[in-house]
Amino acid sequence: MVEPILKWAGGKRQLLDALYARFPESFDRYHEPFVGGGAVFFDLEPASGTINDVNPRLVSLYERVRDEPDRLIERLEEFADPESAPDPDLPYAETTQRGREVGNYYYQQRARFNDRPYTGEYDPLEEAALFVYLNRTCYNGLYRENADGGFNVPIGRYADPNWVNGGRIRRASEALEHVAVSNRDFEYVLDAAEPGDLVYFDPPYEPMSPTADFTAYSADGFDREDQERLLEVARTLDDRGVNVLVSNSGVTYDRYVEAGFHVDTVDATRAINSDADGRDAVDEVIATNVSEPARRDAGQRALSTFDGR
Ligand SMILES: C[S@@+](CC[C@H](N)C(=O)[O-])C[C@H]1O[C@@H](n2cnc3c(N)ncnc32)[C@H](O)[C@@H]1O
């Protein structure tokens with residue numbers, strides 16, 4: 001059980017029990033095509049499989065964590081407090097690439113991160129360090145990009161921000177050693193998954209209403225067509241004897257039922273708007289082709305019945 005390196009929108013830590021309860025009793029390899037912050041992957045630490053995300057910086061970060069954890073930690077240790085003055089020896093000490101004034105070290109680091117594709121030689125280790133640093137010191141720890149792919153979250157308010165946490169990086173590095181990491185569209189899993197494997201899909205959720213902005217994970221959104229494609233991929237895997245779990249918003253309930261999946265709503269409270277009168281609680285669904293008797297917790301239930309006799 002490893003803690004995720006990043007804080008990530010749509011993180012699944014609060015859903016772990018509900019997901020695990022639907023996992024098959026046993027499976028071969030584990031695949032997570034929309035890995036994001038990897039709350040499930042890092043908690044599970046599978047012995048083999050694949051993880052993937054369409055976000056290139058995220059995938060590059062995981063590769064550095066896996067291959068050079070100590071050098072990454074060293075770079076992070078060199079970074080200064082977000083509220084301190086910009087470093088005159090680094091680029092963007094005064095203004096950003098757009099000519100905006102840089103008030104402190106945080107905004108300097110943000111401007112450096114947003115320099116992609118970088119001027120001069122691309123240094124993936126520095127990019128990874130900047131990613132972790134910004135994620136741990138930005139407001140709410142949200143990853144959000146504007147239309148040009150720029151990271152645009154303002155500085156957070158932390159009394160004592162900890163952007164290094166070497167122990168966490170080293171443990172995550174070990175977890176990553178056992179899996180292949182890729183930066184593709186989720187459909188790669190049709191080539192990767194074999195019968196008996198388990199695939200967990202956690203896509204950007206389909207919006208509950210046309211205005212709900214659930215899908216803004218990156219500059220290229222995940223639209224209705226992508227949702228249809230995902231359902232098709234889940235069906236194909238099901239036909240091949242691959243175990244499949246999908247989490248999504250409540251609006252997809254009927255579609256997954258019609259496709260023959262077992263679908264449950266789970267008790268999740270998610271903010272879809274922030275009007276003063278309170279936030280709408282929305283249903284979240286977990287769809288799976290794992291039948292109840294084949295699930296992990298089916299064995300537990302049988303055991304407790306047995307014990308009670
Ligand atoms: C709901 S988040 C996953 C959250 C993750 N389960 C966690 O615990 O942090 C969805 C992820 O899908 C990625 N994504 C969006 N479109 C994709 C695509 N077509 N193929 C693969 N990944 C995609 C996003 O970059 C984002 O990281």
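**Exercise 1. Place His31 in the fold and describe its surroundings.**

Solution.
Step 1: find the element. His31 sits in strand β1, which spans residues 30-32. The model is a predicted one.
Step 2: check the accessibility. His31 has a relative accessible area of 0%. Buried means under 20%, so His31 is buried.
Step 3: look for a polar partner. The side chains of His31 and Asp197 make a polar contact at 2.9 Å.
Step 4: list the contacts beyond four places in sequence. His31 is in contact with Gly49 and Thr50. Further along the chain, His31 is in contact with Tyr188, Val189, Ala192 and Ala193. Asp197, Leu198, Val199 and Tyr200 complete the list. Asp197 therefore appears both as a contact and as the side-chain polar partner of a buried His31.

**Exercise 2. Classify the ring pairs that Tyr30 forms with Phe23 and with Phe27.**

Solution.
Step 1: note the total. There are 18 aromatic pairs.
Step 2: take Phe23 and Tyr30. Their ring centres are 6.4 Å apart, with 35 degrees between the planes. Planes under 30 degrees apart count as stacked and over 60 as edge-to-face. The Phe23 and Tyr30 pair is tilted.
Step 3: take Phe27 and Tyr30. The centres are 6.5 Å apart and the planes stand at 50 degrees, so this pair is tilted too.
Step 4: add the accessibilities. Phe23 is buried at 0%. Tyr30 is buried at 0%. Phe27 is partly exposed, at 22%.
Step 5: turn to another aromatic group. Trp8, Phe113, Phe131 and Phe151 form one aromatic cluster.

**Exercise 3. Describe how the protein holds the ligand in terms of nearest residues, backbone contacts and buried area.**

Solution.
Step 1: find the nearest residues. The ligand has 23 residues around it, and Gly37, Asp53, Asp185, Phe186 and Asp202 come nearest.
Step 2: sort the shell by type. The shell holds 11 nonpolar, six polar and six charged residues.
Step 3: go through the backbone contacts. A polar backbone atom of Gly37 lies 2.9 Å from a ligand oxygen. A backbone N or O atom of Phe186 is 3.1 Å from a ligand nitrogen. For Val54, a backbone N or O atom is 3.3 Å from a ligand nitrogen.
Step 4: compute the cover. Alone, the ligand exposes 600 Å². The protein buries 97% of that area.

**Exercise 4. Determine how far α5 is covered, and by what.**

Solution.
Step 1: count. Eight of the nine residues of α5 are buried, so the helix is mostly covered.
Step 2: name them. Tyr105, Tyr106, Gln108, Gln109, Arg110, Ala111, Arg112 and Phe113 are the buried residues of α5.
Step 3: identify the cover. It includes α3 (56-67), α4 and α6 (124-137).
Step 4: inspect the start of the helix. A side-chain oxygen of Asn104 comes within 3.2 Å of the backbone nitrogen of Tyr106.

**Exercise 5. Contrast Pro82 with Glu94, which lie in one loop.**

Solution.
Step 1: locate both. Pro82 is in the loop between α4 (69-78) and α5 (105-113). Glu94 is in the loop between α4 and α5 as well.
Step 2: compare accessibility. Pro82 is buried at 4%, whereas Glu94 is exposed at 63%.
Step 3: list contacts beyond four places in sequence. Pro82 touches Asn104, Tyr105, Tyr106, Tyr133, Thr137, Ile155, Pro161 and Trp163. Glu94 touches Arg100, Glu101 and Val102.
Step 4: relate each residue to α5. The C-alpha atoms of Pro82 and Tyr107 are 8.0 Å apart, with their places 25 residues apart in the chain. For Glu94 and Gln108, 14 residues apart along the chain, the C-alpha separation is 7.9 Å.

**Exercise 6. Summarise the whole chain by its elements, burial, contacts and surface.**

Solution.
Step 1: elements. The chain has 11 helices and seven strands.
Step 2: burial. Of the 309 residues, 50% are buried.
Step 3: contacts. Among contacts between residues at least 6 apart in sequence, 69% join residues at least 24 apart.
Step 4: surface. The chain exposes about 15,100 Å², and carbon and sulfur atoms supply 45% of that.

Notes. Residues numbered from 1 in each chain as written. Predicted model: local features only at pLDDT ≥ 70, side-chain atom pairs only at ≥ 80, totals over all residues. Heavy atoms only, no water. Near = heavy atom within 4 Å. Polar contact = N/O pair within 3.5 Å; in protein donor to acceptor, adjacent residues only side chain to side chain. Areas by Shrake-Rupley, 256 points an atom, 1.4 Å probe, with all protein chains shown as cover. Nonpolar A, V, L, I, M, F, W, Y, C, P; charged D, E, K, R; others polar. Helix = DSSP H or I, 4+ residues; strand = E, 2+ residues; numbered from the N terminus. Buried < 20%, exposed > 50% of the residue type's maximum accessible area, 1.4 Å probe, protein only. Contact = heavy atoms within 4.5 Å. Phe/Tyr/Trp six-rings, centres within 6.5 Å; stacked < 30°, edge-to-face > 60°.
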